[in-house]
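Trainee: I should like to learn how the features of a model are read, one at a time. May we begin with pockets?

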Amino acid sequence: MPPLPDRKTDSKQALGAAGEDLAATYLKSRGYRIVERNYRRRWGEADIIAVDADGSYVIVEVRSRSDRRYAVEAAQSVGPRKQRQLRRLAHGLLAEQEAEIDIRVDVMIIAPDHRGRLTVVAHIQDAVEDEPIDD
């Protein structure tokens, strides 16, 4: 008999999916073109791959929280390990493209507003600095 679904896990996944939906809508409203969502490759995964108005590729890491008080913690949760993975992802994306492209990594923080509706708390552009990849 399979285990019963974990409500906490289900609600966390639902919050994450809703946050990613909101982030994609926010980006589109600002002129970004969404290339792919839930981009997965052997070197990592990204919530959203988009192209901005200047033609730069943007890897977007979305961090959703159920309480606005944890928005700062959400930004800090993109620690050194995740940053390395995002840099590897950027280098892999470069390798996939047939043309020279600019790539940056952004972090978006999603949390409820004072009425309890999810909103974009922060869109941090160039959140991860490029460094050499060390395997």
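Mentor: A pocket is an open set of grid points where a 1.4 Å probe fits, with protein on both sides within 12 Å along at least five of seven lines; lining residues have an atom within 4 Å of a point. Helices and strands are DSSP runs, numbered from the N terminus. Please bear in mind that this is a predicted model.

Trainee: Which elements each supply at least two residues of the lining of the largest pocket?

Mentor: Helix 1 (7-29) and strand 3 each do so. The largest share of that lining, eight residues, comes from helix 1.

Trainee: How much space lies in the largest pocket, and which residues are the closest to its centre?

Mentor: Rolling a probe the size of a water molecule over the atoms shows where empty space is left. Here, the largest pocket holds about 320 Å³. Its lining comprises 14 residues, of which Lys-12, Leu-15, Gly-16, Ser-64 and Arg-65 are the closest to the centre. By class, the lining has six charged, five polar and three nonpolar residues.

Trainee: Let us turn to burial. Is Arg-63 buried or exposed?

Mentor: The cut-off for buried is under 20% relative accessible area. Arg-63 has 15% relative accessibility and therefore counts as buried. This arginine lies in strand 3, which covers residues 57-64.

Trainee: Which residues does Arg-63 touch, leaving aside those up to four places away in sequence?

Mentor: On that basis, Arg-63 touches Ala-74, Ser-77, Val-78, Lys-82, Met-108, Ile-109 and Ile-110. With Ser-77 there is also a polar contact of 2.7 Å between the two side chains.

Trainee: What does the side chain of His-123 make a polar contact with?

Mentor: Its partner is the side chain of Asp-106, at 2.8 Å. His-123 belongs to strand 5. Not counting residues up to four places away in sequence, the histidine touches Tyr-26, Leu-27, Tyr-32, Asp-106, Val-107 and Met-108.

Trainee: How is the length of a helix checked, taking helix 3 as the case?

Mentor: The expected span is 1.5 Å times one less than the number of residues. Helix 3 (residues 80-96) has 17 residues and so should span 24 Å; its end C-alpha atoms are 24 Å apart, which agrees.

Trainee: Which residues of helix 3 are buried, and what covers them?

Mentor: Lys-82, Leu-86, Arg-87, Leu-89, Ala-90, Gly-92 and Leu-93 are buried in helix 3. Their cover includes strand 1, strand 2 (44-51), strand 3 and strand 4 (103-112). Lys-82 thus appears twice in our reading, as a buried residue of helix 3 and as a residue that Arg-63 touches.

Trainee: What is the sign of phi for Asn-38, and for Asp-126?

Mentor: Phi of Asn-38 is positive, near 50°, in a residue other than glycine. Phi of Asp-126 is likewise a positive value, near 55°.

Trainee: Where is each of them placed?

Mentor: Asn-38 is in strand 1 (residues 33-41), whereas Asp-126 is found in the segment after strand 5 (118-124). Asn-38 counts as partly exposed because its relative accessibility is 37%, while Asp-126, at 53%, is exposed.

Trainee: Finally, how far is Lys-28 from Val-51?

Mentor: Their C-alpha atoms are separated by 9.8 Å, and the two are 23 residues apart along the chain. Lys-28 is found in helix 1 and is exposed, with a relative accessible area of 52%.

Conventions: Residues numbered from 1 in each chain as written. Predicted model: local features only at pLDDT ≥ 70, side-chain atom pairs only at ≥ 80, totals over all residues. Heavy atoms only, no water. Helix = DSSP H or I, 4+ residues; strand = E, 2+ residues; numbered from the N terminus. Buried < 20%, exposed > 50% of the residue type's maximum accessible area, 1.4 Å probe, protein only. Polar contact = N/O pair within 3.5 Å; in protein donor to acceptor, adjacent residues only side chain to side chain. Contact = heavy atoms within 4.5 Å. 1 Å grid on protein atoms, 1.4 Å probe; cavity = no way out; pocket = protein on both sides within 12 Å on 5 of 7 lines; lining within 4 Å. Points joined across faces, edges and corners; volume = space filled by probe spheres on them. Nonpolar A, V, L, I, M, F, W, Y, C, P; charged D, E, K, R; others polar.
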